[in-house]
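This report describes how the parts of the assembly shown below meet one another. It turns to the protein–DNA contacts and then to the contacts between the protein chains.

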There are 2 protein chains.
Amino acid sequence: MFTRPTLIRESVYDHLRDAILNGEFQPAERLGEVELTERLGVSRTPIREAIGRLTQDGLLEGTPGRGVRVRVVSAVEAQSAYVVRETLDGLAAALAASAHTDADAGALEATLSELEAASSEDYREQTRLDLAFHRRIAQAAHNLPLLDLARDLEQRIALVKHQTRIYNSHPQTAAQHRAILKAVLARDQEAARRTAALHVRTFAALVMENLGVQSV
Amino acid sequence: MFTRPTLIRESVYDHLRDAILNGEFQPAERLGEVELTERLGVSRTPIREAIGRLTQDGLLEGTPGRGVRVRVVSAVEAQSAYVVRETLDGLAAALAASAHTDADAGALEATLSELEAASSEDYREQTRLDLAFHRRIAQAAHNLPLLDLARDLEQRIALVKHQTRIYNSHPQTAAQHRAILKAVLARDQEAARRTAALHVRTFAALVMENLGVQSV
DNA sequence: AGCCTTCAGATTGTATACAATATCCAGCAA
DNA sequence: TTGCTGGATATTGTATACAATCTGAAGGCT
């Protein structure tokens, strides 16, 4: 009823983020403001604001006066991101185990069911639902700073995933998701932390393997 | 020789951040762009960019079309931030224990010595050096995503600290700093994690205690 | 050749103009 | 009084103009 008009800068932000994460820009490709102006049909102002946010998100990098480019994530940094995520997701799961409400439980169950029902060939849908599941856990932790940090880290991971072209789930993924949910619903903090951390580690190992890096 | 001119938006960002963290704005105080324009003598453009960053940092909050205000941190959120920091600082210390270089070790030792030598009554200097010590540990972890996340969380904590008016160090602080450094230098990951987490918990307890007798 | 200088074109940083919303208060009706 | 309506005012969102800086190549010097 009182829908406020969508801001141009938000549209631009979403568009650019999706474009980066879908590989429509090459890693290290330079993004000129004027070029984007012509491409998107809006003025430089909202583009600059979107670029600013994306830079803080870690998806772009730039030096003042010299524009921005798509950030290149090194193998070392990818590894670093997963190390942090292992701990952070573990914390989120542990907190969710202790703090989740009935509504959280229902949402978690619903999201995971959807994920399990998704076609195993629809990579995009799987990624979307996997993301949603992890976000739901972070929400169920009822810890705002954690939620914000997790979202930030997720963006970086998304960039890693794209640049390393790891699209498929690990075979154990489904079972691990179930294990996490079970531990959370049972309010078993330590089990939740353990299973969530293991899940990240499993996936990280897959990514690292593809990168030709031996995991620590 | 190759000093690039300081950007106005950076100056504005630094100025506003310091002002917020020094209490020159009341919590929930509205920041009008035009007002800041007159106050700082620059145009709206760099002010808007600085405000955007501060909003993403969690120091300001705003709804589109309605400007921004200094974010009010509730007691619950303060507690939440410390819970996350406990884990994150623990991880940073553990990683630092395993990854620090000789240069890191020197810098850590130097910073802590400075902190110990600082006058116990100069709250500002103590805060600055305490911050520097914690940041050095995060740097010694050699994990860029972690460093970024820690910085983000630190900003929020700084806001909490200001709004709860906790300025003094806990008596055990000095000993705990030494214990952290010792564990890091000994490359004892678990001890580093434990001591760092304990340090955060000690301080968090102090903050929470003060929140119990004070309405924010 | 190799390196520096210089300058034109392109690009970003900042200021300002204009458009779209939101805020607030006077006035009125129930 | 309380609540609504309308419109003047103020504020934010976007576009554009202008200034400062960077880039890159042509031309001169050693």
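## Polar contacts to DNA strand C

A polar contact is a pair of N or O atoms within 3.5 Å. The model is predicted, and the distances reported here are computed from it.

In chain A, an N or O atom in the side chain of A:Arg30 is 3.1 Å from a sugar or linking oxygen of DNA strand C. Chain B supplies two further examples: a polar side-chain atom of B:Arg9 lies 3.2 Å from a phosphate oxygen of the strand, and a polar side-chain atom of B:Thr45 lies 2.6 Å from a base nitrogen. The elements that give two or more residues to this surface are β1 (30-31) and α3 of chain A, together with α1 (8-21) and α3 (44-57) of chain B.

## Surroundings of DNA strand C

There are 20 residues around DNA strand C, and those that come nearest are A:Arg48, B:Ile8, B:Ser43, B:Thr45 and B:Arg66. Among the elements, α3(B) gives the most to the surface near the strand, with three residues. By class, this surface has seven nonpolar, six polar and seven charged residues.

On the DNA side, sugar or phosphate accounts for 68% of the atoms of strand C within 4 Å of the protein, and the rest belong to bases.

## Extent of the interface between chains A and B

The size of an interface is often given as the accessible area lost when the parts come together. Between chain A and chain B, the buried area is about 2600 Å², with carbon and sulfur atoms giving 59% of it. In chain A, the residues that lose the most area to chain B are A:Gln56, A:Pro145 and A:Leu149, together 22% of what that side buries.

Counted by residues, 30 of chain A are in contact with 30 of chain B.

## Polar and charged pairs between the chains

Four salt bridges are counted between chain A and chain B. In one of these, B:Arg48 pairs with A:Glu49, and the closest N and O atoms are 3.1 Å apart. The count of residue pairs in polar contact between the two chains, both at pLDDT 80 or more, is eight.

On the side of chain A that touches chain B, the elements giving two or more residues are α3 (44-57), α4 (75-99) and α7 (144-164) of chain A. Of these, α4(A) gives the most, with nine residues. By class, that side has 13 nonpolar, five polar and 12 charged residues.

Methods:
Residues are numbered from 1 along each chain as its sequence is written. Chains are lettered from A and ligands numbered from 1 in the order in which they are written. This is a predicted model: local features need pLDDT of at least 70, side-chain atom pairs count only at pLDDT 80 or more; totals for chains, interfaces and linings use all residues. Side-chain values use heavy atoms; hydrogens and water are left out. Contact means heavy atoms within 4.5 Å. Buried area is the accessible area (1.4 Å probe) that two parts lose on being put together, summed over both. A salt bridge is a side-chain nitrogen of Lys or Arg within 4 Å of a carboxyl oxygen of Asp or Glu. A polar contact is a pair of N or O atoms within 3.5 Å; within protein, one must be able to donate a hydrogen and the other to accept it, and residues adjacent in sequence count only if both atoms are side-chain atoms. Helices (H or I, at least four residues) and strands (E, at least two) are DSSP runs, numbered from the N terminus. Ala, Val, Leu, Ile, Met, Phe, Trp, Tyr, Cys and Pro count as nonpolar, Asp, Glu, Lys and Arg as charged, and the others, Gly among them, as polar. A residue is near a molecule or strand if one of its heavy atoms lies within 4 Å of it.
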